[in-house]
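Here are my notes after going through the model, as numbered points. Have a look at the structure first, then read on.

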Amino acid sequence: MSKARLLYVEDDESLGFVTRDNLELSGFEVVHLADGQQAAQRIAAGELDFDLCLLDVMLPGTDGFTLARLIRDQNRDVPILFLTAKSLKEDRLHGLRLGADDYITKPFSIEELILKIEVFLRRNRIRPASPSFDPDCLGDYRFDMDQLLLTHRPTGETRRLTQREAELLQLLSTNREKVLERGEILERIWGENDYFLGRSLDVFVSRLRKYLRQDPRLKIENIHGVGFTLTVADQ
């Protein structure tokens, strides 16, 4: 199996050397750039043959948020991880809205970084390039996000969802067959990753399971210690 190829943009010379060295020792091929503008030029030239991108936020020339936006303009699927000293919730949310997959706050352990990389690489290998399904069609159900309506087509039974129920169902539906981490769901739906909000997430998942129970092909599975995935069998 070929090595996973990583784009690593970090201007701290010492940290960049140590991190790149450890990543290479762990079996990754690493392209390390120390300047945001240089990275932006390579991205603009279409040089995005990477399996995952590691971006510092504060960079000379072009910051990491801008790089993430440039990457997403060309590739919707390659995982993007921010390595940053910025820990404010607003910064995390801004990065996630740009299409980043996760944050690791400096100082970080190499072991944590490698584990995160491996998780996202495994997830991305089974991710389809583009959806091959109607995002509004869930088995025997039709989901209308704009009207907050969930309709069981065989019976015509319709339920109006709350805004948060609909947002959660939309997130699970558009990412069906993929595992969504609890923290990612909480950041996207509730705006922050908090223990007590996590209990609320469990309640909302239970509600959605109840709403979808008329079609046994639909399952919202709890991946212990990771998150949730919506699966649709034989559709």
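In which loop is the place of L148? That is where I'd like to start, with one reminder: this is a predicted model.

1. **L148.** The residue sits in the loop between β7 (141-144) and β8 (149-152). What caught my eye is its backbone: L148 is not a glycine, yet its phi is positive, at about 60°. Most residues other than glycine have a negative phi, and most peptide bonds are trans. The relative accessibility of L148 is 17%, so the residue counts as buried, the cut-off being under 20%.

2. **E177, another positive phi.** E177 isn't a glycine either, and its phi is near 70°. You'll find E177 in the loop between α6 and β10. Buried or partly exposed: which does E177 count as? With a relative accessibility of 41%, E177 goes down as partly exposed.

3. **K178, in the loop between α6 and β10.** K178 is placed in the loop that runs between α6 and β10 (180-181). Its relative accessibility is 18%, so this lysine counts as buried. K178 also brings a distant part of the chain into the picture: L230 is 52 residues away in sequence, but the two C-alpha atoms are 7.3 Å apart in space.

4. **The α6/α7 packing.** Two packed helices are described by the angle between their axes and the distance between the axes. Here, helix α6 (residues 163-174) packs against helix α7 (residues 182-189) at about 135°, and their axes are 11 Å apart. That angle is why the pair is called oblique. As for handedness, the crossing of α6 past α7 is right-handed.

5. **Who touches whom there.** On the α6 side the contact is made by R164, E167, L168 and L171, and on the α7 side by I185, R188 and I189. Sorted by class, that contact has four nonpolar and three charged residues, with no polar ones.

6. **A cis peptide.** Check the bond from K106 to P107: it is cis, and its omega is near -5°. P107 belongs to the loop between β5 (102-105) and α5 (110-125).

7. **R72, a buried arginine.** What does the side chain of R72 reach at 2.8 Å? Its partner is the backbone oxygen of V78. R72 itself is part of helix α3 (residues 64-74), and with 15% relative accessibility it counts as buried.

8. **T62, in the loop before α3.** T62 is in the loop between β3 (52-56) and α3. At 9% relative accessibility, T62 counts as buried. Its side chain makes a polar contact of 2.9 Å with the side chain of Q37. Setting aside neighbours within four places in sequence, T62 is in contact with G36, Q37, A40 and L67.

9. **The whole chain.** For the overall picture, the protein has eight helices and twelve strands. It has 235 residues, of which 46% count as buried. Take the contacts between residues at least 6 apart in sequence: 57% of these join residues at least 24 apart. The pair K178 and L230, 52 residues apart in sequence, is one I'd pull up on screen.

Technical notes
Residues numbered from 1 in each chain as written. Predicted model: local features only at pLDDT ≥ 70, side-chain atom pairs only at ≥ 80, totals over all residues. Heavy atoms only, no water. Axes fitted to C-alpha atoms, helices over the stretch in contact; angles between N-to-C directions. Helix = DSSP H or I, 4+ residues; strand = E, 2+ residues; numbered from the N terminus. Parallel < 35°, antiparallel > 145°, perpendicular 65-115°, else oblique. Left-handed = near helix turned anticlockwise from the far one by under 90°. Contact = heavy atoms within 4.5 Å. Nonpolar A, V, L, I, M, F, W, Y, C, P; charged D, E, K, R; others polar. Buried < 20%, exposed > 50% of the residue type's maximum accessible area, 1.4 Å probe, protein only. Polar contact = N/O pair within 3.5 Å; in protein donor to acceptor, adjacent residues only side chain to side chain.
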